[in-house]
Amino acid sequence: MNDWTFRASGVTKTYDGGKTYANRDISLRVEPGEVFGLLGPNGAGKSTLVKQIIGLLKPTAGSLHLGPHDLVADPDAARQLCSYLPQAPMPIESFKVHEAIRLTGEIRGGDRRQIERRAGELIEALQIEEWRDTLGARLSGGVRRLVGFVMVTVVPGRLVILDEPTNDVDPLRRRLLWDQIRQLGEMGVGVILVTHNVLEAEKSVDRLAVISDGRVVAEGTPSSLKVADRGRLRLQLMLTPGVATPELPSLVLDHTRVGNNLVSVIPEEKAGEGIAWAQQLMSQGIAEEYALAATTLEDAYIRLTGELPADEPEGAAA
Amino acid sequence: MTAATTTYVRRGAGHWLAGLKAMLRWHLTSLRLVLPVMVAVQLLTASGLSIGMSLFYADVDARTGLFLGTGAAIVTLVLVGLVVAPQLVAGEKEAGTYDFTASLPVPRSASVVGWVAVSAIISLPAAVIALAISGWRFDLTFDVSWAVAPAVGLVVVCGTLIGYAVAHGIERPTVTQLLSQVFAFLVIGFTPITYPPENLPGWLASVHEVLPFYHMGVILRGALTQGLVTDVSGSYLVVAAWTVLAGVVTAIAMGRRR
Ligand SMILES: Nc1ncnc2c1ncn2[C@@H]1O[C@H](COP(=O)(O)OP(=O)(O)OP(=O)(O)O)[C@@H](O)[C@H]1O
Ligand SMILES: [Mg+2]
């Protein structure tokens, strides 16, 4: 019996002769059966890491292992033992959905009967039956994404790598997709999942790493990353366009401004004072709206990266 | 839910053959929407070239007729591998779909051999039709020897590998596309295939002594006719050398991780 733990150690990628770092000294472990989230803003280096794992990019330094296999030295093993859903669209314009799934299953070394059975189960579970015979070129973006997921997981490797699988997928099917991602974990497969959707990740990943500027800035379970926010509330202000950041009262423990969004963190027991301050800013015309909410993983994310997560609504409703 | 996961790394001949079969299906299905058009375009081009030449050179002796009559078929066989693979790979790179294809768990060499077969599927029917039309227009009888199999095989493999080496060896898809146009231009206009090398300026004729394209024509004529060309074995050597070179470049380019 192999232990199929995935281990990255000191993984680094530089471009332009070492001047730009796409990622830097990344070390991670993903246990079999674990759904591991990779979060971080655009350009953080998430896709670079997953491409290094599957062997499309060669790390400038560091090592990548899956169980007994050295993935950098043996890219054939990497391609066979890892399933990979790229961030880019799948090349299936001229494939019917079921053909694309069956053929990738066979290329992944699956046996025909098992492929048929699991393809049917996944198609049903993701509610895409009506497109089973549709040509890839005629699929909507979200369905194409789901078909890509089925293609790469119909015969899953020991490590399934999904680069933004929920992009373009509608909310209902996103939930179904997350269920299937959890199922992969239950099958004992390790899953590395890149996403910008912090709230969904919070509910569905076992552990996660936040990557910013190529480095891992935090790693742990969703609740361990939220520890710092325990007993705090998020007070989010939509500032009037063009105004300077107002002076912050002492009750504000932490704040980040992105565009006209001012996200501040206040102690739970000072909720009343916080609301009063927000209302005062609104009456002065400095803010247009505010919202007070329990802290989520998003607040840890904002603190760690200095950016708002992608699923954050532009104007938070009061 | 039930699924068998990959638990070991497949290697060896069985895995390679399964990979070849799968990639052949993958390539053909990927081309499904364009393949009929490609075959048709090749058919039209090749037969157009044959008919055009027969109209232009209405009264020729048997020897010249034989030379002209084999020209269109040869241009087709040489050109398809050179042009189609670079165009398609460049297209994949531009659309961003190249990464997925490159991540498929098949031996790279099996994928390449699959492509060679696809090139043959596109070019062979057109070449055969071009020969038939020329035979009828110029009233020719070809003298096809057994050598036609290795000759056609080598030309298709060599052309496809050169195309593939360019497609994978050059990072920028626009450069690849430009180069494949240059190939087409070079082969159709400035290679002594539809005319003898004596018609070219001396320096260009000597360049073609080392390039593979003229020699591809020689080995194909050697297999299709009798006594029309000489030193066929020398040409085999040149084309074989280019095949090896292109194969090595392709292997390095495809094995290279960015
Ligand atoms: N060929 C290259 N040359 C130079 N820099 C590059 C190259 N490819 C990627 N980069 C840089 O590497 C960094 C990491 O890119 P990467 O695609 O990994 O980001 P990401 O975290 O996946 O972002 P996103 O969320 O937008 O998908 C980016 O700053 C990018 O500009
Ligand atoms: Mg990315």
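The following passage describes the confidence, the chain interface, the ligand surroundings and the backbone of a predicted two-chain model with a ligand.

The model is predicted, so local features are given only at pLDDT of at least 70 and side-chain atom pairs only at pLDDT 80 or more, while totals for chains, interfaces and linings use all residues. Residues are numbered from 1 along each chain as its sequence is written, chains are lettered from A and ligands numbered from 1 in the order in which they are written, and side-chain values use heavy atoms, with hydrogens and water left out.

Confidence is expressed as pLDDT, the predictor's confidence in each residue, from 0 to 100. Chain A has a mean pLDDT of 91, with 97% of its residues at 70 or more. Within chain A, the pLDDT is below 50 over residues 312–318. Beyond near neighbours in sequence, that stretch has 17 contacts in the model, a contact being heavy atoms within 4.5 Å. For chain B the mean pLDDT is 86, and 98% of the residues reach 70 or more. The predictor assigns the complex an ipTM of 0.82 and a pTM of 0.87.

The contact between the chains involves 54 residues of chain A and 35 residues of chain B. About 3900 Å² is buried between them, 57% of it on carbon and sulfur atoms; buried area is the accessible area (1.4 Å probe) that two parts lose on being put together, summed over both. On the side of chain A, the residues that lose the most area to chain B are A:R79, A:Q80 and A:I107, which together account for 20% of what that side buries.

Across this interface, 12 residue pairs are in polar contact, both residues being at pLDDT 80 or more. A polar contact is a pair of N or O atoms within 3.5 Å; within protein, one must be able to donate a hydrogen and the other to accept it, and residues adjacent in sequence count only if both atoms are side-chain atoms. Six helices of chain A, namely α1 (46–54), α2 (75–81), α3 (97–107), α4 (112–125), α5 (141–153) and α6 (171–186), each supply at least two residues of the side that touches chain B. Helices (H or I, at least four residues) and strands (E, at least two) are DSSP runs, numbered from the N terminus. The largest share of that side, 7 residues, comes from α4(A). By class, the side of chain A that touches chain B comprises 27 nonpolar, 10 polar and 17 charged residues. Ala, Val, Leu, Ile, Met, Phe, Trp, Tyr, Cys and Pro count as nonpolar, Asp, Glu, Lys and Arg as charged, and the others, Gly among them, as polar.

The structure holds 18 salt bridges over all chains, each defined as a side-chain nitrogen of Lys or Arg within 4 Å of a carboxyl oxygen of Asp or Glu. The interface of chain A and chain B has 4 salt bridges. One salt bridge links the side chains of A:K51 and B:D99 (3.3 Å, N to O). Because A:K51 lies in helix α1 of chain A and B:D99 in helix α4 (residues 98–103) of chain B, this pair joins two chains.

Ligand 1 is surrounded by 13 residues, of which the closest are A:N42, A:G43, A:K46, A:S47 and A:T48; the criterion is a heavy atom within 4 Å. An N or O atom in the side chain of A:N42 is 2.8 Å from an oxygen atom of ligand 1. For A:S47, a polar side-chain atom lies 2.8 Å from a ligand oxygen atom, and for A:T48 the corresponding distance, from a side-chain N or O atom, is 2.5 Å.

Most residues other than glycine have a negative phi. A:D25, in strand β2 (residues 20–30) of chain A, has a positive phi of about 50 degrees. A:E164, in the loop between β7 (159–163) and α6 of chain A, has a positive phi near 55 degrees.
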